[in-house]
Amino acid sequence: MLKNYFKIAFRNLWRHRVFSFINIMGLTVGMTACLLIFLYVRFEISYDRFHTKADRIYRIVADIKTPTETIPSSGPAWAVPGHLKFDFSEIEAVTRVMPDNLLLRKGDIKFNEPKSIWADSMFFQIFSFKLLKGDPRTALKEPYSVVLTESTAKKYFGKADPLGQTILITSESSPATVTGIMQDMPENTQVKGDLLVSMSTITTKFAKGIDDQWSNYSPWAYILLKPGITPQSIEKKLPAFLEKWSGKEMKELQMFVTLKLEQLKSVYLYSTRGDSLGSIRNVYIFSIIALFILIIACINFINLTTARASERAKEVGIRKVAGAVRPQLASQFIGESVIICFIAFVLTVGLSALLLPSFNQLAGKIISRGIFYDGGLIVLLLGAGIIIGLLAGVYPAFILSSFKPIEVLKGRFATGNKGTFLRKGLVIAQFAISTALIIGTIIVYTQMNYMRNRDLGFNKDQVLVIETQREKKRDALLQAISRLPNVKVTSLSGSVPGSGNPGAYSEVENIKGDLQITNLDLYYVDFDYIPLYNIKMVAGRAFNREFKTDSNEAMIVNEATTRLLGYHSPDQAVGKRFKQWGHEGKIIGVIKDFHYKSLQTPIKPLSIRMDWSGFSLISVKVNAANVKKTIASIEKEFKALIPNRPFSYYFLDEFFDRQYRNEERFGRLFMNFSVLAIFISCLGLLGLASYSTMQRTREIGIRKVMGASVSNIINLLSRDFLKLVIISFFIAAPVAWYFMNKWLADFAYRTSISWWIFVMAGVLAILIAVITISVQAFRAAMANPVKSLRTE
């Protein structure tokens with residue numbers, strides 16, 4: 001009997017090849033999209049879960065409350081981790097982790113290593129990164145100890161054993177000993193680096209005494225709790241801990257700190273500290289899109305199967321007369337559904353394997369190295385395919401097996417209004433989802449375009465930024481570059497828009513005449529920085545070489561700072577006193593607010609001072625002509641004056657736009673999966689239009705004989721479907737507006753959801769539907785009416 005069922009199923013599939021193709025194609029595309037999204041979501045939620053002690057690892061974060069604001073910090077003060085280990089017996093291990101960009105040199109081989117990490121000696125006791133050579137307990141204990149990943153070790157030492165050898169680090173070319181070789185860190189970790197350097201190098205050599213500083217916040221800090229200890233029990237004791245060690249100092253600074261614990265596994269997706277690289281919101285969005293795509297594919301299957309019910313009615317009637325019972329018929333139809341899904345599964349595996357490399361590139365990370373490397377994934381996909389086949393096939397099987405043989409064999413069978421209403425309802429659901437995705441795609445790209453084209457308040461075009469890392473011959477290099485042809489202006493600074501910058505606990509005179517304690521972002525710049533970037537002054541003046549006090553007694557602030565201090569106009573702030581990191585002086589000018597960070601964050605109060613020890617970057621404004629030649633000339637001067645450092649540069653416009661890479665990737669993924677959802681919907685609509693046309697073949701022939709034109713026929717066949725698409729638009733529009741409005745709320749500066757977006761989405765949805773239906777309608781309208789009238 002089973003063999004007979006398979007024979008009937010394959011004969012039926014082959015007899016109705018067009019509908020079988022549409023069903024299989026829709027399911028294949030839907031399952032492929034869902035599989036790729038599943039891989040993406042699985043990868044995103046896997047971050048840092050490979051650590052064997054992940055459940056007991058927590059990151060220490062801080063909320064720093066000043067008289068004017070509360071500042072979220074990704075790490076505690078430098079002094080906190082060391083004191084925690086001694087004060088809390090519940091804590092098994094503590095380590096600080098601080099990313100950096102270090103220069104490494106071995107003979108003539110030298111590279112800037114942007115993925116360098118400073119770490120304490122207990123690093124390997126907390127994290128499960130595999131140390132291939134060296135002792136995990138002592139590898140990072142002594143100053144000037146370095147642990148290299150395998151790939152980094154090969155870059156500097158080739159095939160030689162690097163353990164025990166020396167390598168030069170930092171601009172001082174200090175020799176460090178290689179004390180360990182570790183396996184390359186996996187992609188799915190936040191603590192990702194190519195080398196580790198002992199934190200004791202900083203605390204005992206570069207910045208002695210920093211371990212006792214309670215108001216200096218820089219590194220991340222992680223703790224490993226002993227088994228059975230809850231984070232809540234530690235958090236309850238932290239206020240008393242801070243009061244014991246830093247209470248007096250915090251009161252003098254009017255700084256009140258709250259320490260909190262974030263579980264390591266949740267940091268990537270859930271942290272609100274501003275350094276989270278992932279987004280649980282995006283995970284939810286893509287999971288919903290995957291569900292929608294699967295629903296659309298299943299709707300196609302149900303619609304086409306129930307629409308063709310009348311064609312199989314006689315088969316059902318004859319088999320019932322021959323003795324077949326309803327469960328047997330239902331089993332056969334469900335089996336046919338599973339067979340279709342199995343074929344789709346095989347095609348999905350092949351298609352996913354082909355698309356995965358491109359999808360990795362689109363996602364910006366290697367979410368999977370190959371479908372066939374993960375046997376469990378193929379089994380899971382097969383199981384999902386069978387489940388989809390069962391779920392999608394249950395309703396059609398129920399309908400087909402319920403036919404009464406007497407009515408069917410007498411030719412009085414009719415699918416009835418219920419089946420028609422169901423199909424119409426499913427078409428509306430399909431296109432409501434598709435239209436909502438069209439609206440979402442337009443809004444995402446409108447926001448991306450808004451972010452790229454918004455006036456930032458400074459000029460980032462044709463600006464080349466060179467990394468010097470406070471080299472001794474930096475000033476000589478600046479002068480040499482200034483003399484080159486095609487170089488307009490040069491400037492030294494510690495930060496450029498889009499890069500990081502320090503924050504400074506400051507005292508600034510407010511509108512009441514009091515020195516108000518507040519935290520200000522800080523830029524170190526020279527005399528030419530403001531004119532080079534074309535930053536507008538709204539009050540006072542910029543730094544000027546004619547004023548000797550500008551080098552150490554002058555500050556420029558932005559408009560946000562004046563508002564924080566209570567001034568009604570920028571002019572009121574000029575001449576007011578300030579104290580900042582041991583410097584005192586007066587505000588000499590106010591600049592117009594400019595976006596020195598991403599548009600995702602609001603413009604914060606900013607202070608700008610001059611400090612030659614804080615300069616590590618050279619900004620060069622160049623002519624648009626002969627840029628390559630200009631860069632070559634700059635590189636020549638750089639290598640002549642700073643031969644021990646590799647020449648490293650970037651264009652500011654490209655560097656600034658890198659901040660939006662995650663959003664751009666999200667936009668591309670959103671658009672691609674939306675297109676797939678619309679494609680599957682169109683397949684279903686094409687199938688229904690084909691079936692509807694086939695059912696009305698004689699009617700079309702009669703109408704043509706009676707004088708109906710091609711346009712009349714197309715209008716007749718398209719009208720009912722277009723009504724459904726229009727209804728779906730009115731359902732999709734408010735739903736899309738609600739959810740996309742919530743998505744935009746995460747941006748400090750965002751576009752508005754204009755009426756034209758909905759008009760465009762509606763027109764696109766109707767246009768897509770018209771094109772899809774018209775293909776089949778046109779063929780029917782052009783058919784020979786004589787042949788149509790002969791159709792039974």
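Here is a short briefing on the salt bridges, cysteines, second largest pocket and unusual backbone angles of this structure. Please keep in mind that this is a predicted model. It has 22 salt bridges and zero disulfides, and its second largest pocket holds about 590 Å³ of space.

**Salt bridges**

- Lys-597 and Asp-521 pair up in a salt bridge, with 3.3 Å between their closest N and O atoms. Because Lys-597 sits in the loop between β19 (583-591) and β20 (606-609) while Asp-521 belongs to strand β15 (residues 515-524), this pair ties together parts that are 76 residues apart in sequence.
- The two partners differ in their surroundings: Lys-597 is partly exposed, at 28% relative accessibility, whereas Asp-521 is buried, at 9%.
- Asp-593 and Arg-563 also form a salt bridge, with an N to O distance of 2.8 Å. Asp-593 is in the loop between β19 and β20 and Arg-563 is in helix α17 (residues 559-564), so here the parts tied together are 30 residues apart in sequence.
- Asp-593 itself is buried, with a relative accessible area of 15%.
- Within helix α18 (residues 627-641) you will find both Glu-635 and Lys-639, four residues apart, or about one turn of the helix. These two side chains make a salt bridge whose closest N and O atoms are 3.0 Å apart.
- Both ends of that helical pair are partly exposed: Glu-635 has a relative accessible area of 27%, and Lys-639 comes to 48%.
- Arg-96, Asp-120 and Asp-211 are joined in a network of salt bridges.

**Cysteines**

- If you are wondering about disulfides, a search of the whole structure finds zero. Cys-34, for one, is in no disulfide, and the nearest cysteine sulfur to its own belongs to Cys-298, 8.7 Å away.
- Cys-298 also carries the closest cysteine sulfur to that of Cys-341; the two are 7.1 Å apart, which is too far for a bond. The cut-off for a disulfide is 2.5 Å between the sulfur atoms.
- Cys-34 is buried, with a relative accessible area of 15%. Cys-341 is buried too, at 1% relative accessibility.

**The second largest pocket**

- This pocket contains about 590 Å³ of space. It is lined by 23 residues, and those closest to its centre are Ile-285, Ile-288, Phe-292, Phe-739 and Met-740.
- Four helices each supply at least two residues of the lining, namely α9 (280-307), α14 (416-453), α20 (661-695) and α22 (710-744). The most comes from α22, which gives eight residues.
- By residue type, the lining consists of 19 nonpolar, one polar and three charged residues.

**Backbone angles worth a look**

- Tyr-144 has a positive phi of about 60°, although it is not a glycine. You can find Tyr-144 in the loop between β5 (131-133) and β6 (145-149).
- Trp-581 is another non-glycine residue with a positive phi, here about 50°. Trp-581 is located in the loop between β18 (577-580) and β19, and it is partly exposed, at 46% relative accessibility.

Definitions and conventions. Residues are numbered from 1 along each chain as its sequence is written. This is a predicted model: local features need pLDDT of at least 70, side-chain atom pairs count only at pLDDT 80 or more; totals for chains, interfaces and linings use all residues. Side-chain values use heavy atoms; hydrogens and water are left out. A salt bridge is a side-chain nitrogen of Lys or Arg within 4 Å of a carboxyl oxygen of Asp or Glu. Buried means under 20% relative accessible area, exposed over 50%, partly exposed in between (1.4 Å probe, protein chains only). On a 1 Å grid over the protein atoms alone, a cavity is a set of points where a 1.4 Å probe fits but cannot get out, and a pocket is an open set with protein on both sides within 12 Å along at least five of seven lines; lining residues have an atom within 4 Å of a point. Grid points are joined across faces, edges and corners, and a volume is the space filled by probe spheres set on the points. Ala, Val, Leu, Ile, Met, Phe, Trp, Tyr, Cys and Pro count as nonpolar, Asp, Glu, Lys and Arg as charged, and the others, Gly among them, as polar.
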